[in-house]
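Okay, thanks for coming, everyone. Let me put the structure up, and then I'll walk you through it.

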Amino acid sequence: MKKGGIMYDCSSEIMDFYRKHVRLSAAQVSKLADYREANKGRVETGLKKNENPLPLRHINQGSYAMRTINQHPRNDYDIDVGVVFGKADLQGPQGGDKTAFEARKMVCDAVQDSHFKTPSEVRQNCVRVYYNEGHHVDMPVYRQFEDDWDETKIELAGNDWIESDPEAVTNWFNNAVIDQSPDETNGRQMRRIVRLLKFWAKSRDSWNMPTGFIISKLVDECYISTKDRDDRALYETIEKIKERLFWSKDVQHPVLENTLISEGKEASVNEMETRLEQALNNLSVLHDAQCTRQTALKAWKGFFNHSFFSDLLENSAAMAITIADKEPREPVRKRGGSRFG
């Protein structure tokens, strides 16, 4: 679509959907914060019990720190809490550095709790704690040290020790939201677009979509702001992401030079391009000069795969019947029309 062309205005409906079904409530945010704090205490208690070194600090990171966690029907929330040790503290029994796996295993042993049905496990880049309610807490493990130029460096315990900077990633995203959004309310528009696109990416269980990190980076690159029109901003942003992925599926890490978070070969990125093309085709009716509210809501229902829009359609139909029953019997001249902008 040419920028600024006609598009049926569903901005109020999209914002209402965002408030009711995408954004976490204050109570949900508070509950997740409690889980985060509980695991900070759990890991330190376990480390003391096992006579292992204590972390220097913890890092709030990922979608929780970037404030892009969405509601999830099965409470499958992902909370990330980094655990940072001094490199000199992570020594093996012979005095050598612990391997990345040994560091993760140490933290995993510290957070084991018989109250959980599913034991915590060592994963490729973190330790995962599973809650019985459905959500989980990921605890990436880091080591921190001063390099030869007295600069503080952080390495993630992945397959090996890998250069990382989770706090810089959070700062990158939060600054991008402030710099690029045209507003200052409801989390600002760019963050809302990330959340709406992440919601779409998880709208079908059968889809294999990229991580929220990759989606956030793509939105940062392709975001097109439109004040007071989140529906248009979302459409034009996904249109630009589709075009961007057509030319290249490589995605550069936002703060680490010469590091890719997608090497262009991932099946999930390929699927995202395909699904976006299908979505754009289905949403093309929004640009029809004859598009009605019913047609527009059906298109957004297909995009988000959520009953919110079908409920609006049913309410509109019921209201139309009520109005028809009350209409005067004499012929009247109707005025008005569709909303476009």
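So, accessible areas here come from the Shrake-Rupley method with a 1.4 Å probe, and for residues, only the protein chains shown count as cover. On that basis the chain exposes about 17,800 Å², with carbon and sulfur atoms supplying 47% of it. This is a predicted model, where local features need pLDDT of at least 70 and side-chain atom pairs count only at pLDDT 80 or more, while totals for chains, interfaces and linings use all residues. Residues are numbered from 1 along each chain as its sequence is written, and side-chain values use heavy atoms, leaving out hydrogens and water.

Now the overall picture. The C-alpha atoms fill a box of roughly 95 × 45 × 35 Å, taken along the principal axes. Of the 341 residues, 48% are buried, meaning under 20% relative accessible area, as against over 50% for exposed and in between for partly exposed (1.4 Å probe, protein chains only).

Next, the cysteines. How many disulfides does a search of the whole structure find? Zero, taking a disulfide as a pair of cysteine sulfur atoms within 2.5 Å. Look at Cys10: the nearest cysteine sulfur, in Cys291, is 7.3 Å away. And why is Cys291 not bonded to Cys10? Because that 7.3 Å between the sulfurs is too far for a bond. Both residues sit on the buried side of the cut-off: Cys10 has 0% relative accessibility, and Cys291 has a relative accessible area of 3%.
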